[in-house]
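Colleague: Could you take me slowly through one part of this model, namely the places where side chains pair with one another, and show me how each pair sits in its surroundings? I am new to reading structures, so please keep the steps connected.

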Amino acid sequence: MAAAGMSQYDYIFALTAVFALLDAWNIGANDVANSFASSVSSRSLTLKQAMVVAAVCEFAGSVSVGGRVADALRTKIVDPRLYDDAPQVLLLAMMCTIVASSLFLTAATRHGMPVSTTHSVIGGMIGAATASVGIGKVNWGLQGASQVFLAWVVAPGIAGVLGALVFFVTKRLVLGSRDSVRRAFWCIPLFSFLTFGSVAMLVAWKGLRNVNISTTTTIIVVFASAGGGTLLHAAFVMPYMWVRIIRQDWTLRWYHALLGPLLLRRHVPPPTPSGFVKPQIRDYYRGYLSPEELSYVRASESLLESVQMHGANGPPDLDKDDEAILLPPAPQAEPATLRRRRRPSAHSSSSLVPPRPPGSSSSLPVLAWRLNRVLLRGIEKDVVHMQRRNAVLSWDLEAMHSRAPRFDNRAEYMFSALQVLTAAAASFTHGANDVSNAVAPFTTAYDVWSRGVVSPEVDVPMWVLCAGGAGIVLGLLTYGYHVMRTLGNRLTLISPTRGFCMELATALTVIVATRLRLPVSTTQCITGATVGVGLANGDWRCINPKLVGWIYMGWLITVPVTGLMSGCLMGLILNAPRWTS
């Protein structure tokens, strides 16, 4: 029940609630790439598998830890006590903030621009405060907006350095070795411990609501959680990897992983039956050419084009030696590996859609099929295929991909299991950090509307965190593929090893920021980590500098655009003429 004197502003609170849900939906749709673009782009996870893991981890991070950053974002930029004499103006300012943020994010997401959702909310706050209390009342000090601006510069740099360092060490000590497969296998416990420990550290650092523990207890909890998670991972994942890769057991199925150490007692598999196709390790570089293969293809295509152009003027006279034309090699002369890699498969996004069942348009199976196409539209996209077309900026992606070194697919397969783990950790930290963007302004608006006064401290209600987490998950499921296709292989070639390094660096950076109550942009962290890993390949042309510049441009315009939208809306409402009959 709204307090006396605030019930006349129910419509403002209703609009705030509606646009807060839209803001949460956009945060999920725009920031889904932060956690799972690399996993899907490297083929470690399908889009549907990524969405299931993301739904669980995003919601868990939002509810368990999201309140810490939400309270920081709510009070650091603009002091709510400036509105003590006019709490209804603070309610209006929060509405303008959320409206500007959600509308800008909607446009950015539709065009696949991975902007910072943190930027959009803070820009809206600055604009609304400027129009109401003046730009001088905005906290520009190191404890306010300047701290956030500094984090925007430092966060991608830290994530980039961490990503480059982890990948460089892994490449030199593991992937570049002649025994890369076995070395990758024995790296699993180390990286598992680091990942589990990072998430445990995030939760233990006073992340849980109303729970305070000592430093000694925190250390014990972190090491116990990391050790327990690593033991579970070693007990069920490592035996499966050993039997599948080292022993090459073609009879193994995915559910055999539940047997754990008992898998090591399996007998040697029988010979492969005649005509039976053995399960193969996925080719994580399928569709990407090496420099030699790319040169071969382009030389053949250029020669074919010249032959076709010459043929337009009449058939060549092959009787003269000086006019002899060397035709491009026949398809059967093309190397087998090149035929598999030279072009992406014809597999399009539409092939992921189940075929229409037989029957009339009004029959129940057909109606159910149409309903599923509406509800599941966002997860029936072939993101890897989409990344090879409709590029935002013209760039030679084939040449960029060809410069990245290739590693043994068996070693990459070892890291695919780790990448799923780090993707889940990054998704958890993303939910913990970015739910604040949606719930912080709404929490302030709800407190003012329900109590009629401005409170210096507000406890973020659990139902608000749940609603914000649900909105983020819905955004992931319905519209997340737009930004995911931008931050994938269009920025650099992503394999499981590279994706693991990107996600681990991002998770570590966001964890530290969350501990410091610093609302950093996870978009900037993953972009910085991706660029760092791309440069660690040893060639700057392994990244797409045009796309990097385009993404940075989106970050630069976010704050002024949302600030201008929010400030103009706030100023128009405050200074609109009043007329009473």
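Modeller: What follows is a walk through the charged pairs, then the aromatic pairs, and then their surroundings.

Please keep in mind throughout that this is a predicted model. Let us begin with charge, since side chains of opposite charge can pair when their charged atoms come close. The count for this structure comes to eight salt bridges, and three of them repay a careful look. One joins Arg298 to Glu398, whose closest N and O atoms are 3.3 Å apart. Because Arg298 belongs to helix α8 (residues 291-311) while Glu398 belongs to helix α12 (residues 397-402), this pair ties together parts that are 100 residues apart in sequence. Arg298 is partly exposed, at 31% relative accessibility, and Glu398 is likewise partly exposed, at 32%. The pair does not stand alone, for a network of salt bridges links Arg298 and Glu398 with Asp396.

A further salt bridge is found between the side chains of Arg410 and Asp408, with 2.9 Å from N to O. Arg410 has a relative accessible area of 34% and is therefore partly exposed, and Asp408, with 27%, is partly exposed as well.

The third example lies within a helix. Here the side chains of Arg451 and Asp447 meet in a salt bridge of 3.6 Å, N to O, and because the two residues are four apart in helix α13 (residues 409-451), about one helical turn separates them. What is worth noticing is the setting of each partner: Arg451 counts as partly exposed at 48% relative accessibility, whereas Asp447 counts as buried at 9%.

Now to the rings. The structure holds 16 aromatic pairs. In one of them, Phe185 and Trp186 meet edge-to-face, with 4.9 Å from centre to centre and 80 degrees between the planes; the angle is given that name because planes over 60 degrees apart count as edge-to-face. Are these two partners buried or exposed? Phe185 is buried, with a relative accessible area of 4%, while Trp186 is exposed, at 56%.

Another pair, Phe193 with Phe223, is tilted, and its ring centres lie 6.0 Å apart with 50 degrees between the planes. Phe193 sits in helix α6 (residues 180-204) and Phe223 in helix α7 (residues 215-246), so this pair ties together parts that are 30 residues apart in sequence. Phe193 has a relative accessible area of 33% and is partly exposed, whereas Phe223 is exposed, with 51%. Rings can also be joined into a group, and in this model ring pairs link Phe13, Phe442, Tyr446, Trp449 and Trp463 into a cluster.

With the pairs in place, we can turn to the nonpolar surroundings. The largest nonpolar core has 112 residues, and those with the most contacts inside it are Ile77, Tyr83, Met414 and Phe415. There is also a second, separate core of six residues, which includes Cys57, Ala424, Ala432 and Ile511. Nonpolar side chains are found at the surface too, where Leu150, Val153, Val154 and Ile158 make a patch of about 350 Å². Of these, Leu150 lies in helix α5, which covers residues 145-175.

A record adds some context here. An unreviewed UniProt entry places the feature "transmembrane region" at several stretches, including residues 148-169, 181-205, 217-243, 413-432 and 460-481. In the model, residues 413-432 are 100% helix and 0% strand, with 29 Å between the end C-alpha atoms. Residues 460-481 are 86% helix and 0% strand, and their end C-alpha atoms lie 30 Å apart.

Let me finish with one residue in a loop. Where does Thr486 lie? Its place is in the loop between α15 (481-484) and α16 (496-515), and yet Thr486 is buried, with a relative accessible area of 1%. The C-alpha atom of Thr486 is separated by 8.6 Å from that of Ala37, although the two residues are 449 apart along the chain.

Conventions. Residues are numbered from 1 along each chain as its sequence is written. This is a predicted model: local features need pLDDT of at least 70, side-chain atom pairs count only at pLDDT 80 or more; totals for chains, interfaces and linings use all residues. Side-chain values use heavy atoms; hydrogens and water are left out. Patches are made of residues with over 30% relative accessible area and no salt bridge: like charges are joined within 9 Å, nonpolar side chains (Val, Leu, Ile, Met, Phe, Trp, Tyr) within 5 Å. Accessible areas come from the Shrake-Rupley method with a 1.4 Å probe; for residues, only the protein chains shown count as cover. A salt bridge is a side-chain nitrogen of Lys or Arg within 4 Å of a carboxyl oxygen of Asp or Glu. Rings of Phe, Tyr and Trp (its six-membered ring) pair if their centres lie within 6.5 Å; planes under 30 degrees apart count as stacked, over 60 as edge-to-face and the rest as tilted. Buried means under 20% relative accessible area, exposed over 50%, partly exposed in between (1.4 Å probe, protein chains only). UniProt positions are given in the numbering used here, feature names are shortened, and annotations may be inferred rather than shown by experiment. A nonpolar core is a set of buried Ala, Val, Leu, Ile, Met, Phe, Trp, Tyr and Cys residues joined through side-chain atoms within 4.5 Å.
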